[in-house]
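Here's a quick briefing to read with the structure open beside you. Have a look around first, then come back for the notes.

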Amino acid sequence: MIKNTIRDKPLPPGQVEIATFPRFGLSKFSDRFPTETEKIAVDIEVGGEKVVQLSTELRRLEQVQQVSDFHCVTTWTKRNVNWSGYPFREFYEELVIKHIPTNANINFVVFRCQDGYRVGMYLEDLMRSDILLADKMDGQPLSIAHGAPLRLVAPPHYGYKNAKHINKIEFLQNAENYQPAGLKVMDHPRARVELEERGRIFPGWLLRRLYRPLIKSTVAKFNRALVKHESGIR
Ligand SMILES: Nc1nc2c(c(=O)[nH]1)N[C@H]1C(S)=C(S)[C@@H](COP(=O)(O)O)O[C@H]1N2
Ligand SMILES: [Mo]
């Protein structure tokens, strides 16, 4: 088991630490929940679609335990979250590359999620050792609140790149046809926290002020929906 600990950095610009780690996201996804627990699809442009079994193929990769901070674009930060999972890079090299035709030039990755959420990242940004496909938090299988069965953990990038409930990963030659789940202006192609790349057009300092007042009601909405969902499935 590899251990990564990334800590004791000052908070990035515009972020405020909070004590709890809320279930969060785009409001329209608050009442949509995952049902699939065993498979994800890997879809390669010009290479076709494969299924990856989580319990056999993915869990055979080298496991990483990582403690890292989680930064939502709306300005809340939860420090020292304890994840465990598999480096995205390892997943790519062990389970994906062999299916990519040699003449293809893959450079963009889109994550599609069981709740309908969708977000894209450059392949290059996914190659760092702290970018994980995580299946555990605090040593337990991921909860529905935090992304079961599998989510991306990308600490250098805002929370909205950290796709939960992944059910398909698309490997594309360019981002031309990519549509994020939210408004395109809200989705910076890289969304690096250190550089305050909160969105595409408006500056970070402005988006801070627009987003911050939405935190409380969004947390409440996501929490209500989860309580309702859990009372229904019990
Ligand atoms: N499937 C899915 N993934 C998602 C979202 C979502 O609504 N659906 N929201 C994103 C946003 S904006 C944030 S801040 C984080 C929140 O993760 P958490 O619920 O574990 O706190 O998930 C990200 N990934
Ligand atoms: Mo977020």
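What follows covers the ligand site, a contact between loops and some backbone oddities.

Keep in mind that this is a predicted model. The main attraction is ligand 1, which sits in the largest pocket and has 22 residues around it. Beyond that site, there's a side-chain contact between Gln 15 and Arg 198, plus a cis peptide bond from Ala 148 to Pro 149.

**Around ligand 1**

- Of the 22 residues in the shell, the ones that come nearest are Pro 22, Asp 115, His 146, Arg 151 and Lys 164.
- Sorted by class, that shell is made up of 13 nonpolar, five polar and four charged residues.
- Asp 115 puts a polar side-chain atom 2.8 Å from a nitrogen atom of the ligand.
- Backbone atoms join in too: an N or O of Phe 24 lies 2.9 Å from a ligand oxygen, and an N or O of Asn 162 lies 3.0 Å from a ligand nitrogen.
- On its own, ligand 1 has 530 Å² of accessible area, and the protein covers 97% of it.

**Loops with buried residues**

- Gln 15 is in the loop between β1 (2-5) and β2 (16-17). Its relative accessible area is 8%, so Gln 15 is buried, the cut-off being under 20%.
- The side chain of Gln 15 makes a polar contact of 2.9 Å with the side chain of Arg 198.
- Glu 196 belongs to the loop between β12 (166-172) and α2 (204-211). Glu 196 counts as buried because its relative accessibility is 13%.
- Glu 196 and Ala 163 are 33 residues apart along the chain, and their C-alpha atoms are separated by 19 Å.

**Backbone oddities**

- Most residues other than glycine have a negative phi, and most peptide bonds are trans, so the next few are worth a look.
- The bond from Ala 148 to Pro 149 is cis, with omega near 0°. You'll find Pro 149 in the loop between β10 (140-141) and β11 (151-153).
- Thr 75 isn't a glycine, yet its phi is positive, at about 105°. Thr 75 lies in the loop between β5 (64-71) and β6 (76-87), and at 1% relative accessibility it counts as buried.
- Asp 138 has a positive phi as well, near 50°, and is found in the loop between β9 (132-137) and β10.
- Is Asp 138 buried or exposed? Asp 138 counts as exposed, because its relative accessibility is 51% and the cut-off is over 50%.

Terms used
Residues are numbered from 1 along each chain as its sequence is written. Chains are lettered from A and ligands numbered from 1 in the order in which they are written. This is a predicted model: local features need pLDDT of at least 70, side-chain atom pairs count only at pLDDT 80 or more; totals for chains, interfaces and linings use all residues. Side-chain values use heavy atoms; hydrogens and water are left out. A residue is near a molecule or strand if one of its heavy atoms lies within 4 Å of it. A polar contact is a pair of N or O atoms within 3.5 Å; within protein, one must be able to donate a hydrogen and the other to accept it, and residues adjacent in sequence count only if both atoms are side-chain atoms. Accessible areas come from the Shrake-Rupley method with a 1.4 Å probe; for residues, only the protein chains shown count as cover. On a 1 Å grid over the protein atoms alone, a cavity is a set of points where a 1.4 Å probe fits but cannot get out, and a pocket is an open set with protein on both sides within 12 Å along at least five of seven lines; lining residues have an atom within 4 Å of a point. A molecule sits in a cavity or pocket if more than half of its atoms lie within 2 Å of its grid points. Ala, Val, Leu, Ile, Met, Phe, Trp, Tyr, Cys and Pro count as nonpolar, Asp, Glu, Lys and Arg as charged, and the others, Gly among them, as polar. Helices (H or I, at least four residues) and strands (E, at least two) are DSSP runs, numbered from the N terminus. Buried means under 20% relative accessible area, exposed over 50%, partly exposed in between (1.4 Å probe, protein chains only).
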